[in-house]
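Hi everyone, thanks for making the time. I'd like to walk you through one structure today, so let's put it on the screen.

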Amino acid sequence: MSADKRIPVTEETRKELHELKEPGQTYDDLLQELAQHRRRQNLEQRFQELEAADSDELTPLSDV
(Lines give C-alpha, C1' and ligand atoms only; values in the text may rest on other atoms or scores of the structure.)
Protein backbone atom coordinates (compact mmCIF):
# COMPACT_ATOMS: atom_id res chain seq x y z
CA MET A 1 0.00 0.00 0.00
CA SER A 2 1.56 3.25 -1.08
CA ALA A 3 0.44 6.63 0.15
CA ASP A 4 2.24 9.78 -0.85
CA LYS A 5 2.60 12.26 2.00
CA ARG A 6 4.47 15.50 2.17
CA ILE A 7 6.97 16.03 4.95
CA PRO A 8 7.97 19.68 5.24
CA VAL A 9 11.70 20.16 5.70
CA THR A 10 14.00 23.13 5.36
CA GLU A 11 16.08 23.49 2.24
CA GLU A 12 19.18 22.74 4.33
CA THR A 13 17.68 19.45 5.54
CA ARG A 14 16.62 18.51 2.02
CA LYS A 15 20.19 19.08 0.82
CA GLU A 16 21.59 16.96 3.67
CA LEU A 17 19.19 14.12 2.88
CA HIS A 18 20.07 14.38 -0.80
CA GLU A 19 23.77 14.05 0.05
CA LEU A 20 23.07 10.94 2.16
CA LYS A 21 20.94 9.30 -0.50
CA GLU A 22 22.62 6.68 -2.69
CA PRO A 23 22.09 6.74 -6.46
CA GLY A 24 18.77 5.05 -7.22
CA GLN A 25 17.71 5.14 -3.57
CA THR A 26 14.37 6.78 -2.83
CA TYR A 27 13.87 9.24 -0.01
CA ASP A 28 11.45 6.71 1.50
CA ASP A 29 14.22 4.08 1.51
CA LEU A 30 16.66 6.57 3.04
CA LEU A 31 14.24 7.59 5.78
CA GLN A 32 13.49 3.94 6.59
CA GLU A 33 17.23 3.28 6.82
CA LEU A 34 17.75 6.28 9.11
CA ALA A 35 14.82 5.23 11.33
CA GLN A 36 16.19 1.68 11.59
CA HIS A 37 19.63 3.06 12.47
CA ARG A 38 18.08 5.20 15.23
CA ARG A 39 16.17 2.23 16.65
CA ARG A 40 19.39 0.18 16.72
CA GLN A 41 21.24 3.01 18.47
CA ASN A 42 18.49 3.28 21.09
CA LEU A 43 18.56 -0.49 21.66
CA GLU A 44 22.36 -0.50 21.96
CA GLN A 45 22.20 2.37 24.44
CA ARG A 46 19.60 0.52 26.50
CA PHE A 47 21.80 -2.61 26.58
CA GLN A 48 24.77 -0.52 27.68
CA GLU A 49 22.68 1.02 30.45
CA LEU A 50 21.60 -2.44 31.61
CA GLU A 51 25.19 -3.70 31.60
CA ALA A 52 26.29 -0.70 33.63
CA ALA A 53 23.47 -1.10 36.14
CA ASP A 54 24.35 -2.42 39.56
CA SER A 55 23.78 -6.17 39.52
CA ASP A 56 21.73 -5.83 42.72
CA GLU A 57 19.17 -3.85 40.71
CA LEU A 58 18.72 -6.68 38.19
CA THR A 59 16.67 -9.84 38.65
CA PRO A 60 18.50 -13.03 37.65
CA LEU A 61 16.83 -14.85 34.75
CA SER A 62 16.51 -17.95 36.91
CA ASP A 63 14.20 -15.94 39.21
CA VAL A 64 11.88 -14.91 36.40
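**The pocket and the helices around it**

Let me begin with the largest pocket, whose lining consists of Ala3, Lys5, Arg6, Ile7, Val9, Arg14, Leu17, Tyr27, Asp28 and Leu31. Do keep in mind that we are looking at a predicted model. The volume of this pocket is about 360 Å³.

Which elements give two or more residues to that lining? They are H1 and H2. H2 gives the most, with 3 residues. For those of you thinking about chemistry, the lining divides into 6 nonpolar and 4 charged residues, with no polar ones.

Now, how do the axes of these helices cross? Helix H1 covers residues 11-20 and helix H2 covers residues 27-52; their axes come within 10 Å and cross at roughly 90°. That angle is why we can call H1 roughly perpendicular to H2. On the H1 side, the contact is made by Arg14, Leu17, His18 and Leu20, and H2 answers with Tyr27, Leu30, Leu31 and Leu34. Sorted by class, this contact of H1 with H2 has 6 nonpolar residues, 1 polar and 1 charged.

Let's step back to the whole protein. Its secondary structure comes to 2 helices and 0 strands. Is it spread out or compact, going by the radius of gyration? The value is 19 Å, and the globule rule gives 11 Å for 64 residues, so the protein is more spread out than a compact globule. Along the principal axes, the C-alpha atoms fill a box of roughly 50 × 30 × 20 Å.

That's my tour, and thanks for listening!

Terms used
Residues numbered from 1 in each chain as written. Predicted model: local features only at pLDDT ≥ 70, side-chain atom pairs only at ≥ 80, totals over all residues. Heavy atoms only, no water. Axes fitted to C-alpha atoms, helices over the stretch in contact; angles between N-to-C directions. Helix = DSSP H or I, 4+ residues; strand = E, 2+ residues; numbered from the N terminus. Parallel < 35°, antiparallel > 145°, perpendicular 65-115°, else oblique. Contact = heavy atoms within 4.5 Å. Nonpolar A, V, L, I, M, F, W, Y, C, P; charged D, E, K, R; others polar. 1 Å grid on protein atoms, 1.4 Å probe; cavity = no way out; pocket = protein on both sides within 12 Å on 5 of 7 lines; lining within 4 Å. Points joined across faces, edges and corners; volume = space filled by probe spheres on them. Rg over C-alpha atoms; globule rule 2.2 N^0.38 Å.
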